Each structure stands twice: as C-alpha cells, then as structure tokens.
Amino acid sequence: VNIALSKVGSEYQYGSSGPYEFDCSGLIAWSYAQLGITVPHQSAALRDFGYRVSEPAPGDLVYTPGHIGIYVGDGMVVEAATEATGVVYRKMWQDNPIYIRI
C-alpha cells in the first residue's frame with residue numbers, strides 16, 4: 001500500500017507501468033515489482049492471478065470490469081484513475097467490486 005501511495009500525484013498514461021506515469025494495472029504491477037513480485041499488467045489478468053476474498057484487507061486489489069485499484073483500508077483506495085486525476089487516494093467508489101488477494 002505504501003509503495004502505491006508514494007505515487008499519488010503521478011500522471012495517468014494508458015499502457016504505462018511507471019515509474020512516473022501509470023495506468024490502473026501498471027500501478028499495481030510496478031508496486032508489486034518493488035517487492036520482487038511479478039504480476040500481470042492487465043486488470044482482468046490480475047483478477048484471475050490471485051484469489052477472491054469477501055472482505056478486503058489493506059493491499060488487496062479492488063477489481064471492477066476494466067479497472068483495478070489497491071485497497072488501503074477504511075473504505076479507501078489508491079488507483080491510477082484517469083488522465084484527469086492521475087494516481088489518487090480516495091474513497092472507494094466501486095459498486096460490487098471483486099476483492100483479490102495476492
């Protein structure tokens with residue numbers, strides 16, 4: 001979580017996995033790479049990479065079709081959202097997400 005949070009304010013760039021610009025799955029791939037863990041750089045592939053949990057814990061992934069972020073805790077996520085917002089820390093907005101633990 002702290003690794004991803006360190007990138008809040010970075011720009012959004014489709015297809016990018018950092019270290020200065022990210023898309024949603026690129027932020028996750030880069031963050032895990034800093035821990036020596038290789039994960040896919042595609043939201044649906046990330047959905048299938050880990051296992052589903054019913055209640056998220058900090059560090060779990062928050063998947064909705066076409067988008068993925070990292071659960072921070074207390075209903076908050078860090079995500080590379082859009083070109084307008086870039087990487088942000090904000091209240092979770094997803095309806096009925098799938099929570100993934102890696």
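This briefing walks through a pocket, a helix, a set of paired strands and two loop residues. The model is predicted. Its largest pocket holds about 160 Å³ of space. Helix α2 and strand β6 each supply at least two residues of that pocket's lining. Both elements are mostly buried: 9 of the 10 residues in α2, and 6 of the 7 in β6.

**The largest pocket**

- The lining of the largest pocket consists of 13 residues.
- Nearest the pocket centre lie Tyr14, Asp23, Cys24, Ser25 and Ser43.
- By class, the lining has 7 polar, 5 nonpolar and 1 charged residues.
- Two elements that each give at least two lining residues are α2, residues 24-33, and β6, residues 76-82.

**Helix α2**

- Because 9 of its 10 residues are buried, α2 is largely enclosed by the rest of the structure.
- The buried set begins with Cys24, Ser25, Gly26, Leu27 and Ile28.
- Ala29, Trp30, Ser31 and Tyr32 of α2 are buried too.
- Cys24 and Ser25 thus appear twice: they are buried residues of α2, and they are among those nearest the pocket centre.

**Strands β5, β6 and β7**

- β6 pairs with β5, residues 67-73, in the antiparallel sense over 3 bridges.
- In this pairing, isoleucine 70 stands opposite valine 78 of β6.
- The hairpin of β5 and β6 has 2 residues between the strands.
- Aspartate 74 in that hairpin takes a positive phi near 55°.
- β6 also runs antiparallel to β7, residues 86-91, and 6 bridges join them.
- Here glutamate 79 stands opposite valine 88 of β7.
- The hairpin of β6 and β7 has 3 residues between the strands.
- In a regular strand, side chains alternate between the two faces of the sheet.

**Strands β3, β4 and β8**

- β8, residues 98-101, runs antiparallel to β3, with 3 bridges joining them.
- Arginine 52 has isoleucine 100 of β8 as its bridge partner.
- β4 is joined to β8 by 3 bridges, again antiparallel.
- Valine 62 has tyrosine 99 of β8 as its bridge partner.

**Aspartate 60, a buried loop residue**

- Aspartate 60 sits in the loop between β3, residues 51-53, and β4, residues 61-64.
- This residue counts as buried because its relative accessible area is 3%, where the cut-off is under 20%.
- The side chain of aspartate 60 makes a polar contact of 2.7 Å with the side chain of arginine 101.
- A polar atom of the aspartate 60 side chain also lies 2.8 Å from the backbone nitrogen of alanine 57.
- Beyond its neighbours within four places in sequence, aspartate 60 is in contact with Val53, Glu55, Gly69, Ile70, Tyr71, Ile100 and Arg101.
- Two of these contacts have a place in the strand pairings: Ile70 stands opposite valine 78, and Ile100 is the bridge partner of arginine 52.

**Serine 6, an exposed loop residue**

- Serine 6 lies in the loop between α1, residues 2-5, and β1, residues 11-12.
- Serine 6 counts as exposed because its relative accessible area is 51%, where the cut-off is over 50%.
- Its side chain reaches the backbone oxygen of isoleucine 3 at 2.5 Å.
- Serine 6 and threonine 38 are 32 residues apart in sequence.
- In space, their C-alpha atoms are 19 Å apart.

How values were computed: Residues are numbered from 1 along each chain as its sequence is written. This is a predicted model: local features need pLDDT of at least 70, side-chain atom pairs count only at pLDDT 80 or more; totals for chains, interfaces and linings use all residues. Side-chain values use heavy atoms; hydrogens and water are left out. On a 1 Å grid over the protein atoms alone, a cavity is a set of points where a 1.4 Å probe fits but cannot get out, and a pocket is an open set with protein on both sides within 12 Å along at least five of seven lines; lining residues have an atom within 4 Å of a point. Grid points are joined across faces, edges and corners, and a volume is the space filled by probe spheres set on the points. Helices (H or I, at least four residues) and strands (E, at least two) are DSSP runs, numbered from the N terminus. Ala, Val, Leu, Ile, Met, Phe, Trp, Tyr, Cys and Pro count as nonpolar, Asp, Glu, Lys and Arg as charged, and the others, Gly among them, as polar. Buried means under 20% relative accessible area, exposed over 50%, partly exposed in between (1.4 Å probe, protein chains only). A polar contact is a pair of N or O atoms within 3.5 Å; within protein, one must be able to donate a hydrogen and the other to accept it, and residues adjacent in sequence count only if both atoms are side-chain atoms. Contact means heavy atoms within 4.5 Å. Two strands pair if DSSP finds at least two bridges between them.
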